[in-house]
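This report introduces a protein model to a reader who has not met it before. It treats the sheet and then the aromatic side chains.

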Amino acid sequence: MNKIKKIGVLFDLDGVLVDSEGEYSKFWGATGRKFNVGGDTFADDIKGTTLGEILTGFNEADRHGIVAALHKFEEEMMYPVFPGVMEFLIALKENGIPSAIVTSSDDTKMNFLFRRHPEFQDYINEVITGSMVKNSKPDPEGYLLGASKIGVAPEDCYVFEDSMQGVEAGMRSGSTVIALATTNSREKLQTKSPHYIIDSFLQLTIDNGELAIDN
């Protein structure tokens with residue numbers, strides 16, 4: 001009997017599992033304009049970076065109020081799950097494939113998310129947040145840590161990303177990167193040379209421990 005190679009799956013969160021990037025763009029776009037930080041592309045430029053790194057662009061006196069406003073915003077968000085996500089997570093568990101969320105979000109935001117979607121905790125094995133890494137995306141540290149936590153070599157992991165920084169981080173980790181064209185266009189994502197580009201999780205199937213992509 002042939003042994004199936006152990007694989008793992010590492011997910012970014014916003015723009016991959018939940019449709020929230022547009023809401024964050026509104027928040028950070030407005031915040032950047034309010035404090036005259038980052039220019040017109042600020043909301044896009046910070047995607048994939050930790051809150052601590054984002055805050056370095058603001059005056060220290062303003063940071064506490066910005067964090068409070070952000071957490072209030074996140075508490076009220078609905079975090080709609082993209083089509084096909086739950087079915088894919090269920091299939092991973094049924095096939096014994098471990099998974100982790102690797103996000104730049106902080107622990108407070110993750111608590112809000114799990115309050116809205118407690119079912120995620122039934123299917124995700126590990127969660128890597130921004131507080132657990134020294135270097136945010138495009139550095140591969142988060143994905144390397146995620147692979148370690150689920151006990152799978154990075155080169156045997158699939159990374160799901162939507163941001164330019166995230167795709168680069170996944171590629172630098174040595175994993176197979178599947179980019180989702182939810183936040184950025186296929187053409188823009190292609191400049192980072194991911195292994196695959198898909199539009200949704202509905203293009204994915206798992207059979208006998210193997211992941212198939214219809215792209």
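## Sheet and aromatic contacts

Within strand 6, Ile-197 is the bridge partner of Ala-179. This pairing belongs to a predicted model, in which strand 5 and strand 6 pair in the parallel sense over three bridges.

The wider setting is an open sheet of six strands, ordered 3-2-1-4-5-6, with parallel pairing. Its edge strands are strand 3 (126-128) and strand 6 (196-198), each of which pairs on one side only. From one strand to the next, the twist averages 20 degrees.

At one edge, strand 3 pairs with strand 2 (residues 99-102) in the parallel sense over three bridges. There Ile-128 in strand 3 is the bridge partner of Val-102. Helix 5 (residues 85-94) packs on the sheet and touches strand 1 (8-11), strand 2 and strand 4 (157-161). The direction of helix 5 makes about 150 degrees with that of strand 1.

Strand 4 and strand 5 run parallel and are joined by four bridges. Tyr-158 stands opposite Thr-176 in strand 5. Between these two strands the chain passes through helix 9 (residues 164-173), forming a right-handed β-α-β crossover. Four of the five residues of strand 5 (residues 176-180) are buried, so this strand is largely enclosed by the rest of the structure.

The aromatic side chains form a second theme. The structure holds 13 aromatic pairs; two of them are set out below.

| Aromatic pair | Geometry | Centre to centre | Angle between planes |
|---|---|---|---|
| Phe-35 and Phe-58 | edge-to-face | 5.7 Å | 85 degrees |
| Phe-88 and Phe-160 | edge-to-face | 5.7 Å | 65 degrees |

Phe-35 lies in helix 1 (residues 21-35), and Phe-58 in the loop between helix 3 (51-55) and helix 4 (60-76), so their pair ties together parts that are 23 residues apart in sequence. Phe-35 is partly exposed, with a relative accessible area of 27%, whereas Phe-58 is buried, at 3%. Both residues belong to one aromatic cluster, formed by Tyr-24, Phe-27, Trp-28, Phe-35, Phe-42, Phe-58 and Phe-73.

The pair of Phe-88 and Phe-160 links distant parts of the chain, with Phe-88 in helix 5 and Phe-160 in strand 4, 72 residues apart. Phe-88 is buried, with a relative accessible area of 3%, and Phe-160 is buried, with a value of 0%.

A further contact involves a charge and a ring: the charged end of Lys-93 sits over the ring of Tyr-123, 5.2 Å from its centre.

Note on methods. Residues numbered from 1 in each chain as written. Predicted model: local features only at pLDDT ≥ 70, side-chain atom pairs only at ≥ 80, totals over all residues. Heavy atoms only, no water. Pairing = 2+ DSSP bridges. Axes fitted to C-alpha atoms, helices over the stretch in contact; angles between N-to-C directions. Contact = heavy atoms within 4.5 Å. Buried < 20%, exposed > 50% of the residue type's maximum accessible area, 1.4 Å probe, protein only. Right-handed = clockwise from strand over helix to strand, strands pointing away. Phe/Tyr/Trp six-rings, centres within 6.5 Å; stacked < 30°, edge-to-face > 60°. Lys NZ or Arg CZ within 6 Å of the ring centre and 35° of its normal.
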